[in-house]
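Reader: I would love a close look at one helix in this model. Could you walk me through what surrounds it and how it sits in the rest of the protein?

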Amino acid sequence: MSYVAIKGGTDAINASKRLFEKRIQPEKQLPEKDLLTTLPHSCDRIIAEGALYSDALAVKALLRSGGDLLEAAFYLRAHRSTCRRAGIAKEINSDDIRITRRISSAFKDIDGGQILGPSCDYIIRLFQVQSSDGGKISDIAKTSVIRAPSALNNLRDRDMVLLLENTEGEAVDVSRQFPLPPYPRSALMQVMSRGETGSMLAFAYTSMRGYGDVHPTIGDLRTGMAAISFTHPFTDGKVKIGEIRTTFCETVGSFQRDPKDGKLRLSNGFGFCLGHNETRAISMSILDLAIHNQGYSMGGADIAANPEIIINHIDGIESMGFTNHFKLPHYVTFQADLHVLDKARSSCSD
């Protein structure tokens with residue numbers, strides 16, 4: 001239901017389109033080159049939800065939609081469906097990304113150190129202009145290349161983290177064929193990686209709102225540039241074709257018994273998305289944790305821990321398309337409802 005064509009009178013539709021163009025005309029005149037630097041989080045959210053990594057197209061979509069982020073993501077998703085696939089890139093190792101920000105709430109001292117980077121987490125939400133403290137950026141903060149292993153690797157080396165068994169073989173591709181239940185983890189991760197941020201946040205919140213030992217802890221959260229490698233079509237060698245902005249998050253849950261050998265290990269969840277989108281990456285890791293670790297959600301198995309609920313309800317393009325299709329004419333069906341109501345009222349009065 002995502003791709004919906006609205007029908008109506010030709011003159012009325014053309015007038016409506018002209019009015020919308022006039023309404024957003026001042027915004028369309030903004031210089032595209034400045035939007036990516038002035039509104040980076042909006043562009044990164046569009047990239048993630050549109051599932052297409054293109055700064056230039058994200059800016060164009062932002063302007064053409066008048067700033068509506070869902071509509072802008074719709075532009076990217078629609079364009080993505082017309083693109084020819086060149087091939088499949090190699091897997092990304094989160095330990096290898098060039099870090100711009102990296103924190104852990106599970107450990108104070110971690111290998112590579114806590115790197116706060118650019119963030120609004122430490123800003124007071126007031127409209128008053130705050131004067132700068134006059135401090136200088138340290139040499140460490142200006143370092144162009146920072147790489148560090150996951151803060152959870154030490155626990156993995158001590159066999160304290162539960163590892164999910166990979167029974168899939170080759171990962172499914174949800175852009176080519178949407179999976180049927182039981183949903184493999186690769187399908188869930190793909191759907192969540194391009195899910196709508198607000199939907200994922202709401203579902204993740206249901207898993208932790210309440211009492212009990214369901215409080216997740218961020219083991220490693222990092223944003224940075226990840227290298228994309230590809231197999232050369234002629235030499236079959238591995239070549240780097242560029243870098244993309246990414247956000248990774250590893251969340252740690254309470255310990256539980258490993259079904260494979262009966263040992264107690266810490267449960268964990270993983271989140272990854274395009275762009276710098278910390279809230280959605282954290283939400284994704286919490287949902288991954290809740291789905292694959294029984295009893296970890298306050299909502300039970302009916303909400304965040306239910307893959308059927310998650311995989312079918314977090315896509316913003318699908319949700320928006322179905323919701324907005326109610327604007328289409330429903331005259332016949334509604335008249336049928338009224339006819340049934342009249343008959344029911346007559347029967348009741350008799």
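Author: Happily! In this predicted model, the buried residues of helix 6 pack against three helices: helix 4 (40-50), helix 5 (55-64) and helix 12 (316-324). The residues of helix 6 that are buried are Ala72, Ala73, Phe74, Leu76 and Arg77. A general point helps in reading such a list: an α-helix has 3.6 residues a turn, so residues three or four places apart point the same way. Arginine is on the list too, with Arg77 counted as buried alongside Leu76.

As for its geometry, helix 6 covers residues 69-80, which makes twelve residues. From first C-alpha to last, helix 6 reaches 16 Å, close to the 16 Å expected at 1.5 Å a residue. At the start of helix 6, a side-chain oxygen of Asp68 comes to within 3.1 Å of the backbone nitrogen of Leu70.

Now for the wider setting. Helix 6 belongs to a protein with 13 helices and four strands. Of its 350 residues, 35% count as buried. Among contacts between residues at least 6 apart in sequence, 67% join residues at least 24 apart. The accessible surface comes to about 21800 Å², and carbon and sulfur atoms account for 57% of that.

One last stop is the interior space: the structure holds one cavity of 30 Å³ or more. Its lining is made by Ser94, Asp220, Arg222, Phe248, Glu250 and Phe270. Strand 2 (217-231) and strand 3 (238-257) are the elements that give two or more residues to that lining.

Conventions
Residues are numbered from 1 along each chain as its sequence is written. This is a predicted model: local features need pLDDT of at least 70, side-chain atom pairs count only at pLDDT 80 or more; totals for chains, interfaces and linings use all residues. Side-chain values use heavy atoms; hydrogens and water are left out. Buried means under 20% relative accessible area, exposed over 50%, partly exposed in between (1.4 Å probe, protein chains only). Contact means heavy atoms within 4.5 Å. Accessible areas come from the Shrake-Rupley method with a 1.4 Å probe; for residues, only the protein chains shown count as cover. The expected span of a helix is 1.5 Å times one less than its number of residues. A polar contact is a pair of N or O atoms within 3.5 Å; within protein, one must be able to donate a hydrogen and the other to accept it, and residues adjacent in sequence count only if both atoms are side-chain atoms. On a 1 Å grid over the protein atoms alone, a cavity is a set of points where a 1.4 Å probe fits but cannot get out, and a pocket is an open set with protein on both sides within 12 Å along at least five of seven lines; lining residues have an atom within 4 Å of a point. Grid points are joined across faces, edges and corners, and a volume is the space filled by probe spheres set on the points.
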